[in-house]
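Here's a quick tour of a protein model. Have a look at the sequence and the structure first, then read on.

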Amino acid sequence: MIRLGLISALVAAMLVAAVAQAAQPQRPSRHHQVFFADTPDELSVYRVYGQVAGKTLMIIGGIQGDEPGGFLSADLYADINLAKGNLIVVPRANFYSIILRHRGPDGDMNRQFADQVTAKRHAKIINVLKGLIAESDLLLNLHEGSGFFRPTWEGPMANPMRFGQSIIADADRYVTPNGQVIELQTIAERVLRRVNPLIKDAKLKFLFNNHRTLSRDSHHKEQRRSATYYALTQRHIPAFGVETSKSLPDVAQKIGLHKLVINAFMEDMGITPMNPGVYLGKPNLRYLVVGVNDQLPVVVSPGDALRVNAGDSVNVMHIEADCERGLSCDILGLGSVNDMRQAFAVNKNTKIVVRKDHQEIGRISLLVETAEPKAAVLRAKRLYFLVQTQDERRLLAAGETLRLVRGDKLQIVDLISNLDDQRSIEVNFKGFVPAKGRNAGEDRGHLIDTTRDLLPRFSSCAKASPAGLECYRVVATQNGAPIGEIGVEVSPAALDYLVVSNGPGPKMVYYNGETIRSAGGQRIEIIDLKTNVAPEGNLSLALYDDGGGKISLDGRAVDPASEPVRRLVANGQRQFRLVVLRREQPIGEVGLDLGGN
């Protein structure tokens with residue numbers, strides 16, 4: 001692995017260019033390169049060279065951090081073995097946004113390939129990606145898209161403005177400056193003929209989605225700042241966005257569909273996987289999970305010593321290594337050559353030897369104490385907070401941070417630890433007081449609404465934190481002494497944009513703060529809205545007039561012919577505010593001018 005650390009965008013681009021011009025790689029081989037190591041912008045690049053030279057496919061995942069189907073699918077190709085051809089895999093192009101589970105805290109990275117000004121702090125990453133694109137013969141950018149793309153209107157979630165279950169290109173064909181013709185639709189249709197027969201559900205079959213990005217009347221002009229547009233128009237290689245639908249019920253299904261498409265592109269390019277692959281690298285032990293008596297198990301790293309008392313029962317419960325098969329452990333002087341998941345009484349010092357097949361990959365010392373038992377030497381302190389958010393149950397280790405959006409609901413279910421006297425432990429959310437009863441300092445089991453139940457005076461965020469962010473602490477104490485805590489960050493709920501149908505023309509995108517101008521009498525339909533709130537986030541729309549009056553909208557349409565809008569317009573009201581609400585709290589708005597052109 002090459003670790004580059006913090007370097008400038010210029011140096012990063014020069015390094016990529018140097019790699020591209022280097023001598024022919026050893027075949028077969030795999031290489032892992034890390035840019036901007038140990039920072040939120042850490043960028044891992046995996047190059048896979050087949051036994052035989054061939055074309056190079058570049059796969060990008062995670063350019064938008066709220067689309068796990070893309071980056072988890074790309075992960076699967078980082079360690080693949082190839083008989084022919086090459087891969088360049090960037091599973092997490094925007095690691096910072098993935099950590100925050102956000103489309104792009106510093107702007108959408110996939111709208112920043114056009115110029116340095118737009119790129120902001122992503123410029124150094126984008127320069128690396130551009131250098132990698134220059135090494136490639138074809139680019140796939142993996143995404144999750146809303147709804148289901150359909151060439152004609154079938155409904156709010158299935159229409160030409162949706163992206164899900166489609167292979168997107170910026171044109172059907174493109175002619176390069178030297179006259180070469182890139183037949184994007186032909187390539188995509190060959191792939192579709194391989195993929196769609198393998199998908200039983202007709203709704204999930206992929207369609208070719210031509211954004212016509214180069215055309216003056218394109219509905220997707222924003223794509224002119226995307227990675228695929230750069231690859232096509234500047235590096236003159238075929239480039240496609242692969243979009244599974246955000247509406248699919250689980251990530252595993254999205255990954256399975258992404259795999260079908262990636263494999264089909266590889267086959268179309270003559271890139272041949274080696275099945276099974278050959279990997280003879282040195283295996284490494286990461287840690288053991290060891291149970292001592294009936295206490296919670298402890299994690300012990302290679303080279304460490306586990307101290308127990310004479311007669312304690314020791315049980316190796318799990319081996320964590322960078323390989324899964326052929327693992328065994330031997331508690332020397334006890335049991336057999338494989339003592340996995342067997343309990344033995346230990347009365348003298350010994351060692352636990354871990355092997356992959358016949359090869360030793362690590363050992364841990366067992367040291368027997370003869371003094372009085374002390375809990376501190378028996379095991380390391382283990383502390384986990386079990387929390388329930390509205391969409392999932394999560395286990396956070398002490399020191400981790402839970403990130404929520406205002407309006408999310410949270411319950412601290414329990415504290416899981418290996419400490420003695422569990423009854424003396426309290427868990428207190430600093431900044432929350434139960435609505436009923438006295439504040440006893442024990443907040444497990446309470447349902448906490450982040451809209452109304454938190455006290456901002458207890459929030460303490462770093463000076464450089466984004467505006468509106470609130471930072472709280474959940475502290476566990478035992479007999480009044482702190483033993484561990486987690487952080488809870490609450491970001492403001494925010495509107496990104498609305499997709500609006502306003503008459504017979506094309507559907508338009510309006511960002512937060514912009515204004516819809518409509519000729520009088522036209523029905524305005526809100527086809528889609530994008531926020532940082534989970535899909536089941538209790539969103540609604542309302543219309544506000546100049547006097548602050550509120551008109552709740554049934555569904556997602558504004559009809560000037562309906563009451564009370566018609567009456568207000570007749571009285572001269574033309575300017576409205578179309579507000580997006582989450583549980584009746586405004587999170588963004590666009591203006592609405594019913595007398596505009």
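How far should the twelve residues of helix α6 span at 1.5 Å a residue, and how far apart are its end C-alpha atoms? The expected span (1.5 Å times one less than the number of residues) is 16 Å for α6, and the end C-alpha atoms are 16 Å apart, which agrees. Helix α8 passes the check too, as its end C-alpha atoms and the expected span agree.

| Helix | Residues | Expected span | End C-alpha distance |
|---|---|---|---|
| α6 | 184–195 | 16 Å | 16 Å |
| α8 | 251–269 | 27 Å | 27 Å |

A word on where this comes from: it's a predicted model, where local features need pLDDT of at least 70, side-chain atom pairs count only at pLDDT 80 or more, and totals for chains, interfaces and linings use all residues. Residues are numbered from 1 along each chain as its sequence is written, and side-chain values use heavy atoms, with hydrogens and water left out.

Overall, the protein has ten helices and 39 strands (DSSP runs numbered from the N terminus: H or I of at least four residues for helices, E of at least two for strands). Of its 597 residues, 48% are buried (under 20% relative accessible area, with exposed over 50% and partly exposed in between, using a 1.4 Å probe and protein chains only).

Back to α6: its buried residues are L184, I187, A188, V191, L192 and V195. They cover an arc of only 135° around the axis, which puts them on the same side of α6 (the arc is taken from the directions from the helix axis to the C-beta atoms).

In α8, the buried set includes I255, L257, V261, F265 and M269, and also K254 and H258. At the N-terminal end, D250 acts as a cap, with a side-chain oxygen 3.2 Å from the backbone nitrogen of A252. Just past the helix, G270 has a positive phi of about 80°.

Now for the largest nonpolar core (buried Ala, Val, Leu, Ile, Met, Phe, Trp, Tyr and Cys residues joined through side-chain atoms within 4.5 Å). It holds 43 residues, and L57, L87, L140, I167, F206, F240 and F265 touch the most other members. Elements giving two or more residues include β4, β9, α6 and α8. The most come from α8, with seven residues. Setting aside residues up to four places away in sequence, I167 touches A188, V191 and L192, and also V261 and F265, among others (contact means heavy atoms within 4.5 Å).

Methods:
A polar contact is a pair of N or O atoms within 3.5 Å; within protein, one must be able to donate a hydrogen and the other to accept it, and residues adjacent in sequence count only if both atoms are side-chain atoms.
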